[in-house]
Amino acid sequence: MENQKVLDAVNKKTYARGDVVKHYENLDMLHKPERMLLERLTPEIKDKKILDIAIGGGRTTKYLLQISKDYTGIDYTPEFVEVAKRKYKDATILCCDARDLKEFADETFDFILFAFNSIDYIPHQDRMKALKESHRVLKKGGYFMFSTHNRDHESFNKLPWQEKFQFKLSYLKYCLYCLYHLPKHREMKKHEIHTDEFAVINDNAHGFSLLAYYISIPQQLKQLTAVGFTDIEIYDMDGERVTSDTRFPWTYYLAKK
Ligand SMILES: C[S@@+](CC[C@H](N)C(=O)[O-])C[C@H]1O[C@@H](n2cnc3c(N)ncnc32)[C@H](O)[C@@H]1O
């Protein structure tokens, strides 16, 4: 329980950091599975009600506004909300936590996106709350799409020197990055959680400054089914439909209510 509180506080603090806000402010490309699935869903969600959860600097806002002007973007970090409002002056963007969507009535949205593993910065009990809230505000027949870190990835929780040596400049640079941040990583490792269902680890993001949730595909399927989602499709980062994956650090899910 104590670790869960630490996780929330650590992640909130990191997301409010100036350099982190700047990083997401400058992103504007869709990931391959996002591009592919949005293209496929567009005929069904055109001009319908869309909720974009944890928008950061609004990377996905531009693309979703092209699908529907009936768009709401939310994020719990006020700094990100300000950035996104500045970039998309006419869009509805609110400061709101995915764990408590009380501003929205049951069955409001036709499509909900929770992109870029943003759900992974919420403690475990609250992850289930966030999934339940997304399910509650989604209309019957609506779609929920999100990505999450893959616990089955071959490099899960490994530093570069714990893997096969690569004679490449990028590998050497990555070793230096990890060495530089090693004292911080050692400190953060004290807060890691490893259970049969999931793990929370201090990965390399933003100078080893976050505690991120990792889950295998079978366990994520169980969580989604427990909340009531159906017709669950799973994609790897190449946009290939999968049932298991060790190749990629993230997995994409599309589910229906
Ligand atoms: C990895 S960034 C992704 C940003 C954006 N979705 C993108 O694709 O570029 C994670 C974002 O999730 C937000 N976030 C994390 N937990 C949240 C929560 N419980 N409710 C709302 N936003 C949250 C953070 O403030 C941050 O903007």
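1. Starting with the cysteines: there are zero disulfides in this structure. Bear in mind that we're looking at a predicted model.

2. Why no bond between Cys-95 and Cys-96? The closest cysteine sulfur to that of Cys-95 belongs to Cys-96, and at 7.8 Å it is too far away for a bond. A disulfide here would need the two sulfur atoms within 2.5 Å, so the pair doesn't qualify. Going the other way gives the matching result: from the sulfur of Cys-96, the closest cysteine sulfur is in Cys-95, at 7.8 Å.

3. Buried or exposed, where does Cys-96 fall? Cys-96 is buried, at 6% relative accessible area. Cys-95, on the other hand, is partly exposed, with a value of 45%.

4. On to the ligand. It has 18 residues around it, and the ones that come nearest are Ala-54, Arg-59, Asp-75, Thr-77 and Asp-97. Sorted by class, that shell comprises eleven nonpolar, three polar and four charged residues.

5. Now the polar contacts, beginning with the backbone. Ala-54, one of the nearest residues, places a backbone N or O atom 2.6 Å from a ligand nitrogen. Tyr-76 also takes part through its backbone, with a polar atom 3.2 Å from a nitrogen atom of the ligand.

6. For a side-chain contact, have a look at Ser-118: a polar atom of its side chain sits 3.5 Å from a ligand oxygen. As for cover, the ligand has 600 Å² of accessible area on its own, and the protein covers 100% of that.

Methods
Residues are numbered from 1 along each chain as its sequence is written. This is a predicted model: local features need pLDDT of at least 70, side-chain atom pairs count only at pLDDT 80 or more; totals for chains, interfaces and linings use all residues. Side-chain values use heavy atoms; hydrogens and water are left out. A residue is near a molecule or strand if one of its heavy atoms lies within 4 Å of it. A polar contact is a pair of N or O atoms within 3.5 Å; within protein, one must be able to donate a hydrogen and the other to accept it, and residues adjacent in sequence count only if both atoms are side-chain atoms. Accessible areas come from the Shrake-Rupley method with a 1.4 Å probe; for residues, only the protein chains shown count as cover. Ala, Val, Leu, Ile, Met, Phe, Trp, Tyr, Cys and Pro count as nonpolar, Asp, Glu, Lys and Arg as charged, and the others, Gly among them, as polar. Buried means under 20% relative accessible area, exposed over 50%, partly exposed in between (1.4 Å probe, protein chains only).
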